[in-house]
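Work through the exercises below with the sequence and the 3D view open. Try each task before you read its solution.

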Amino acid sequence: MAPDYHHIAYLGVDIANPVTIEAVLAMAERSGLPAGARVLDIGAGTGGVSAALARRFSYQVHASERDPVMVTHIADRVARDGLADRVTPVRGVAPQGLDALAPADMMVALGSSRIGGPDVTTAAGMFQVLAAHLASPGYILWGDLTWIGEPPEPLRQIVSLSSIYESDDGWKAAAEAAGMTCVSAELSPQAVWDDFFGTADRRVRDWLEANPGVEGREALEARADQIKATFDFGRPYLGFGLYLFRKP
């Protein structure tokens with residue numbers, strides 16, 4: 001199997017986004033949901049957020065992830081942490097996998113752009129898809145890259161190839177268009193951004209140095225260079241926004 005950037009950069013970390021677990025838990029607490037609430041973590045990654053929510057609030061969490069390596073990692077984490085009664089790893093792709101797990105009291109989606117499917121090309125459209133699978137009332141704990149300044153057009157075009165990003169006002173307006181209100185919003189400190197991307201890059205560079213002859217090394221190095229260049233250049237224009245939206 002060819003080396004995968006995300007596996008090398010993120011396996012073993014609690015959260016694969018430039019935001020802290022503490023910030024996510026504080027945002028979730030503002031929902032006021034009781035123990036036993038049904039929570040769907042979409043694009044659960046390493047499972048760190050799912051485990052933390054189950055441990056802190058005793059939510060019943062379905063950790064949905066399309067990457068089979070990550071699903072195995074989540075299952076190992078759940079077993080190791082004694083959370084099998086509260087966290088269920090699910091291999092699935094949004095939005096196809098949402099029907100079987102709805103309605104959720106809260107959906108968590110961190111760095112999960114395009115989860116509405118290939119035909120959904122706006123933030124409002126993504127939120128409409130998610131809101132349709134929420135209980136009423138219900139919550140979306142949303143986190144993603146957020147424009148904090150007007151970007152050069154080439155940067156906007158590059159990141160738009162794979163993701164849908166909005167400004168802070170844009171995320172809030174999209175949620176409102178989908179019939180939701182913003183309960184709380186905040187941007188990660190730039191120090192958290194720098195630490196996250198710097199740590200991910202170092203992990204990959206260390207792996208490359210330790211594996212000079214492995215097949216696929218050149219492609220991995222090119223991918224690492226691309227990601228570093230994009231986010232180094234984009235740092236003045238991009239941040240990470242964390243939001244709690246409520247469906248009435």
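The model is predicted.

**Exercise 1. The setting of helix H5**

Task: Decide whether helix H5 (residues 123-131) is largely enclosed or left open, and name what its buried residues pack against.

Solution:
- Start with the cut-off. Buried means under 20% relative accessible area.
- Apply it along the helix. Ala123, Ala124, Gly125, Met126, Phe127, Val129, Leu130 and Ala131 pass.
- That makes 8 of the 9 residues, so the rest of the structure largely encloses H5.
- Now list the partners. Among the strands, the buried residues pack against S1 (38-42), S4 (104-110), S5 (134-147), S6 (166-167) and S8 (238-247).
- Helix H7 (168-177) is also a packing partner of these buried residues.

**Exercise 2. Strand S5 and its pairings**

Task: Which strands pair with S5, in which sense, and over how many bridges?

Solution:
- Look at exposure before pairing. In S5, 12 of the 14 residues are buried, and the strand is mostly covered.
- Take S4. It pairs with S5 in the parallel sense, over 6 bridges.
- Locate one facing pair here: Leu110 lies opposite Gly143 of S5.
- Trace the connection. The chain leaves S4, passes through H5 and enters S5, a right-handed β-α-β crossover.
- Take S8. It is antiparallel to S5, with 10 bridges.
- Thr146 has Gly239 of S8 as its bridge partner.
- Take S6. It runs parallel to S5, and 2 bridges join them.
- Thr146 appears again here, opposite Glu166 in S6.

**Exercise 3. Two residues compared with the cut-offs**

Task: Classify Asp201 as buried or exposed, then find its contacts.

Solution:
- Place the residue: Asp201 sits in helix H8.
- Read its relative accessibility. At 13%, Asp201 counts as buried.
- Set aside neighbours within four places in sequence. Asp201 then contacts Tyr5, Ala224 and Lys228.

Task: Do the same for Thr88: find its exposure class and its contacts.

Solution:
- Place the residue: Thr88 belongs to strand S3 (residues 87-91).
- Its relative accessibility is 36%, so Thr88 is partly exposed.
- Leave out neighbours within four places in sequence. The contacts of Thr88 are Val61, His62 and Ala63.
- Add a distance. Ala51 is 37 residues away from Thr88 along the chain, and their C-alpha atoms are 9.9 Å apart.

**Exercise 4. Empty space**

Task: Describe the second largest pocket by volume, lining and residue class.

Solution:
- Begin with volume: the second largest pocket holds about 210 Å³ of space.
- Count the lining. It has 14 residues, and Ile15, Asn17, Val19, Asp195 and Phe196 lie nearest the centre of the pocket.
- Assign the elements. Helix H1 (5-10) and helix H8 (190-210) each give two or more residues to this lining.
- Find the main contributor: H8 gives the most, with 6 residues.
- Sort by class. The lining has 9 nonpolar, 3 polar and 2 charged residues.

Task: How many cavities of 30 Å³ or more does the structure hold, and what lines the largest cavity?

Solution:
- Search the whole structure. The count is 1 cavity of 30 Å³ or more.
- Give the volume: about 30 Å³ for the largest cavity.
- Name the lining: Leu40, Ile42, Ser64, Val93, Ala94, Gly97, Leu98 and Leu101.
- Sort this lining by class. It has 6 nonpolar residues, 2 polar and no charged.

Notes. Residues numbered from 1 in each chain as written. Predicted model: local features only at pLDDT ≥ 70, side-chain atom pairs only at ≥ 80, totals over all residues. Heavy atoms only, no water. Buried < 20%, exposed > 50% of the residue type's maximum accessible area, 1.4 Å probe, protein only. Helix = DSSP H or I, 4+ residues; strand = E, 2+ residues; numbered from the N terminus. Contact = heavy atoms within 4.5 Å. 1 Å grid on protein atoms, 1.4 Å probe; cavity = no way out; pocket = protein on both sides within 12 Å on 5 of 7 lines; lining within 4 Å. Points joined across faces, edges and corners; volume = space filled by probe spheres on them. Nonpolar A, V, L, I, M, F, W, Y, C, P; charged D, E, K, R; others polar. Pairing = 2+ DSSP bridges. Right-handed = clockwise from strand over helix to strand, strands pointing away.
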